[in-house]
Amino acid sequence: MGPFCSASLSSCFPASFPLLKLTPLFPPLRLTRLSATNQIRVSVLAQAREWIEDAQSIAVLTGAGISAESGIPTFRGPGGLWKTFRPEDLASPEAFARDPKLVWEWYLWRRERIAAAEPNPGHRALAKLEAGGRQFTLITQNVDGLHRAAGSRNIIELHGNLWRVRCVDCDFEQEYRLAPSAPLSPRCSCGGLLRPAVVWFGEPLPVAAIDRAIHAAQHCVVFLVCGTSALVYPAAALPQRALAAGARVIEVNLEETPFSQFAHLSLRGKCGELLPQIIHVPPCPEPRK
Ligand code: APR
């Protein structure tokens, strides 16, 4: 606490003298208290920026929160998908077996919203960080494809991609941008039903994807956790693995998560506002003549 905060004032005035009365007399007081918080905030942002700038290898885990500012609803936040829809009715193999048309209708609704969305400054800051030339891996739980649209390249889509489909019979997978007139339950050339190529509850993650993600988490100097509630496993275990491997872990989230207490730095705010502040990629030096 700075010298001018409530502690020193109370020593000047008798206890019975309520602080409230002081306010009109000392307007700078409130400012001082605010700036102390801001000073902490500024130093935490500076610390995060410094760690990121100095790191030769960085891995990032993102969740629905990073796409929220692009107008894509999250799952568990205010207005989240699971507040309105029941995952067991729409995002499970049983639901698809029961009513593929209903599941496709929902995914088509999500596709329309994502098709209308643009990457935001949070997505772009991560793409810029990757372009800085250090070892970089972007692990996302998002199926919206906005990281790739922002220019990121080394992406691990842990939960699949909503623009791809997979045959329930022959497992053939392909990109599939359904025309509005296309049949609601598209079929594979083998005759099998095509389903969204995303990971549903109760399904295993693609082995290659989770192995690559674990490797990246265990071999990075800085691990960034952005916009995820850290509730869904195995993705939610990655920050712990990075910690255990000695990485500096920085969390960016609007709210506290079960992981916040373990992070070296937990920044409270929007990804689209904070990531551009903590990601500074120095311009590449001019090649010598
Ligand atoms: N900036 C930063 N954080 C944000 C923002 C924002 N603009 N908006 C929301 N958040 C935070 C919320 O506070 C919350 O902690 O993002 C998190 C979103 O959490 P969820 O909705 O649970 O999404 P996510 O963690 O990605 O869910 C994991 O669960 O339903 C499954 O497969 C689905 O991939 C998803 C997985």
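Two strands pair if DSSP finds at least two bridges between them. By that test, strand E2 (residues 135-140) and E3 pair in the parallel sense over three bridges. The model discussed here is predicted.

**Overall make-up**

The protein chain holds 13 helices and nine strands. Of its 289 residues, 45% are buried. Long-range contacts feature strongly in the count: among contacts between residues at least 6 apart in sequence, 65% join residues at least 24 apart.

**The six-stranded sheet**

Strands of a sheet pair through backbone hydrogen bonds, either parallel or antiparallel. Here six strands make an open sheet, and the pairing is parallel. Their order is E3-E2-E1-E7-E8-E9. Strand E3 (155-157) and strand E9 (265-268) stand at the edges. Each has a single partner strand, so one side of each lacks a neighbour in the sheet. Neighbouring strands are turned against each other by 15 degrees on average, direction ignored.

E2 repays a closer look. Five of its six residues are buried, so the strand is mostly covered under a cut-off of under 20% relative accessible area. On one flank, E1 and E2 pair in the parallel sense over six bridges. Thr62 has Thr140 in E2 as its bridge partner. Thr140 also has a bridge partner in E3, namely Glu157. Ile139 stands opposite Ile156 in E3.

**The three-stranded sheet**

A further open sheet has three strands in the order E5-E4-E6. Its pairing is antiparallel. The edge strands are strand E5 (173-175) and strand E6 (194-198), and each pairs on one side only. The twist averages 40 degrees from one strand to the next. Strand E4 (residues 160-167) and E6 pair in the antiparallel sense over four bridges. One bridge joins Val165 to Pro196 in E6.

**Helices on the sheets**

Which strands does helix H11 touch? Helix H11 touches E1, E2, E3 and E7 of the six-stranded sheet. H13 packs on that sheet as well, and its contacts are with E7, E8 and E9. Helix H8 packs on the three-stranded sheet through E4 and E6. The table gives the angle between each helix and one strand.

| Helix | Strands touched | Angle between directions |
|---|---|---|
| H11 (residues 207-218) | E1 (57-62), E2, E3, E7 (222-226) | about 130 degrees with E3 |
| H13 | E7, E8 (248-253), E9 | about 145 degrees with E8 |
| H8 (residues 100-115) | E4, E6 | about 145 degrees with E4 |

**The H9 and H13 pair**

H13 also meets a helix. The axes of helix H9 (residues 121-131) and helix H13 (residues 271-278) come within 7 Å. They cross at roughly 25 degrees. Angles under 35 degrees count as roughly parallel, and H9 and H13 are therefore roughly parallel to each other. The crossing of H9 past H13 is left-handed.

Which residues of H9 meet H13? Pro121, Gly122, Ala125 and Leu126 do so. Their counterparts in H13 are Cys271, Gly272, Leu275 and Pro276. By class, this contact has six nonpolar and two polar residues, with no charged residues.

**In brief**

H13 thus has two kinds of partner: it touches E7, E8 and E9 in the sheet, and its axis comes within 7 Å of that of H9. E2 pairs with E1 over six bridges and with E3 over three bridges.

Key. Residues numbered from 1 in each chain as written. Predicted model: local features only at pLDDT ≥ 70, side-chain atom pairs only at ≥ 80, totals over all residues. Heavy atoms only, no water. Axes fitted to C-alpha atoms, helices over the stretch in contact; angles between N-to-C directions. Parallel < 35°, antiparallel > 145°, perpendicular 65-115°, else oblique. Left-handed = near helix turned anticlockwise from the far one by under 90°. Contact = heavy atoms within 4.5 Å. Nonpolar A, V, L, I, M, F, W, Y, C, P; charged D, E, K, R; others polar. Buried < 20%, exposed > 50% of the residue type's maximum accessible area, 1.4 Å probe, protein only.
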